[in-house]
Amino acid sequence: MRNINEDTITQAVIAAMSGCTDGRLTSIMTSLVQHLHSFAREVKLTEAEWEQAIRFLTEVGHITDDKRQEFILLSDTLGLSTLVTAQNNAKPPGCTEATVFGPFFVEGAPWFEYGQDIANGARGEPCFVRGQVRGIDGRPISAAVIDVWQSDDAGHYDVQYAGSGAEFEHRARGRFRSGADGHFRFRSILAQPYPIPHDGPVGRMLDALGRHPWRPAHLHFMIEAPGYEKLITHVFRDGDQYLDSDAVFGVRSTLIADWKRHDPGVAPDGHDLAVPYYTLEFDFVLNPSREKQ
Ligand code: BEZ
Ligand code: FE
């Protein structure tokens with residue numbers, strides 16, 4: 001293998017992988033090399049641009065740690081996360097649609113009982129959420145595990161306060177089980193629009209491309225029940241100014257809901273509130289897993 005040139009390099013790299021015994025890896029890497037080379041040919045990538053790309057990816061790596069995942073942000077802002085989510089989560093009409101996972105989920109959030117407050121000190125206007133988990137046949141799904149997480153009124157998730165002490169741990173996130181009739185209910189705070197972390201290389205990329213970093217207000221849900229596909233989704237707040245320009249392309253019309261504002265008074269949990277509060281009702285319809293169908 002000598003005297004490789006512009007015309008023969010793609011085939012040479014593919015041939016070099018001929019000893020790979022993993023069929024899936026071979027097909028992924030063959031396609032990746034073909035597309036990467038086609039891209040470089042199409043834009044006639046210069047050496048200076050190649051160096052700039054290497055510097056950019058190096059910075060993405062350097063800023064990434066166990067709390068900050070800049071590679072996921074890059075994938076999200078380039079639409080790759082939405083593409084991968086969409087092509088792996090096709091569901092029959094009537095099922096709740098999936099959307100991007102995002103980088104702020106935390107494994108092992110605290111458990112709550114029906115109706116409890118998950119804010120745990122997170123600041124924001126009170127919000128009471130209720131709904132039902134059902135199958136596509138309309139039957140309620142009991143004991144579904146429902147993970148919820150959201151940002152506070154400053155647009156920050158608890159994990160973004162890391163370094164400020166354990167007092168910020170597990171704020172505005174929690175787990176529940178749906179009741180015998182599939183219902184769930186909890187108190188939290190009103191979701192607000194927020195910018196994705198944009199003080200790093202991905203933020204500079206958005207800036208250079210004339211893009212903003214904002215996401216419309218939303219609540220994250222992950223719902224798991226035996227016999228059903230795991231659902232990872234959001235519920236978005238109707239009327240938000242960023243619904244049509246989400247920085248990570250995650251909005252689906254079927255996931256937009258009305259958060260109703262109420263004047264001070266007796267809230268759904270029976271407490272007399274001296275401040276305005278919000279209510280949200282949203283039902284989730286799960287797709288049976290393939291084994292069950
Ligand atoms: C989120 O909604 O938490 C999120 C999703 C993608 C990138 C950044 C944040
Ligand atoms: Fe979010």
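This passage walks through the domains, the iron site, the nonpolar cores and one central topic of strand pairing in a predicted model.

The domain assignment divides the protein into domain 1, spanning 1–45, and domain 2, spanning 70–286. Between the C-alpha centres of domain 1 and domain 2 there is a distance of 41 Å.

A good place to begin a closer look is the iron ion (ligand 2). The protein supplies Tyr-157 (OH), Tyr-194 (OH), His-218 (NE2) and His-220 (NE2) as donors, at 1.9 to 2.1 Å from the iron ion. Along the chain, the donors are spaced as Y-x36-Y-x23-H-x1-H. Tyr-157 belongs to the loop between strand E2 (145–149) and strand E3 (173–177), while His-220 sits in strand E7 (residues 218–224), so this pair ties together parts that are 63 residues apart in sequence. Both Tyr-157 and His-220 are buried. What makes the arrangement around the iron ion irregular? The six donor atoms subtend angles of 55 to 164°, and the arrangement is irregular because of these angles. For comparison, ideal angles for six octahedral donors are 90 or 180 degrees.

Strand E7, which carries His-220, also leads to the nonpolar interior. In soluble globular proteins, nonpolar side chains tend to be buried together. Here, the largest nonpolar core holds 31 residues, and Phe-186 and Phe-221 have the most contacts inside it. Two or more residues of this core come from each of strand E1 (126–135), E2, strand E4 (183–189), E7, strand E8 (231–237), strand E13 (277–281) and strand E14 (284–286). The surroundings of Phe-221 show how these parts meet: leaving aside neighbours within four places in sequence, the contacts of Phe-221 include Val-129, Ile-146, Trp-149, Phe-184, Phe-186, Leu-231, Val-235 and Phe-284. A second core, separate from this one, has nine residues, among them Leu-74, Met-205, Leu-206 and Ala-247.

Among the strands contributing to the largest core, E1 can be followed in some detail. Eight of its ten residues are buried, so E1 is largely enclosed by the rest of the structure. Which way do E1 and E4 run, parallel or antiparallel? They run antiparallel and are joined by seven bridges, with Pro-126 standing opposite Ile-189 in E4. With E13, by contrast, E1 pairs in the parallel sense over four bridges, and Phe-128 stands opposite Thr-279 of E13. E14 also pairs with E1 in the parallel sense, here over three bridges; Val-285 in E14 is the bridge partner of Arg-134.

Terms used: Residues numbered from 1 in each chain as written. Chains lettered and ligands numbered in written order. Predicted model: local features only at pLDDT ≥ 70, side-chain atom pairs only at ≥ 80, totals over all residues. Heavy atoms only, no water. Domains from an automatic or database assignment. Donors = N, O, S within 2.8 Å, 3.2 Å for Na, K, Ca; no water. Tetrahedral: all angles 85-135°; square planar, octahedral: opposite > 155°, others 65-115°. Buried < 20%, exposed > 50% of the residue type's maximum accessible area, 1.4 Å probe, protein only. Core = buried A, V, L, I, M, F, W, Y, C linked by side-chain atoms within 4.5 Å. Contact = heavy atoms within 4.5 Å. Pairing = 2+ DSSP bridges.
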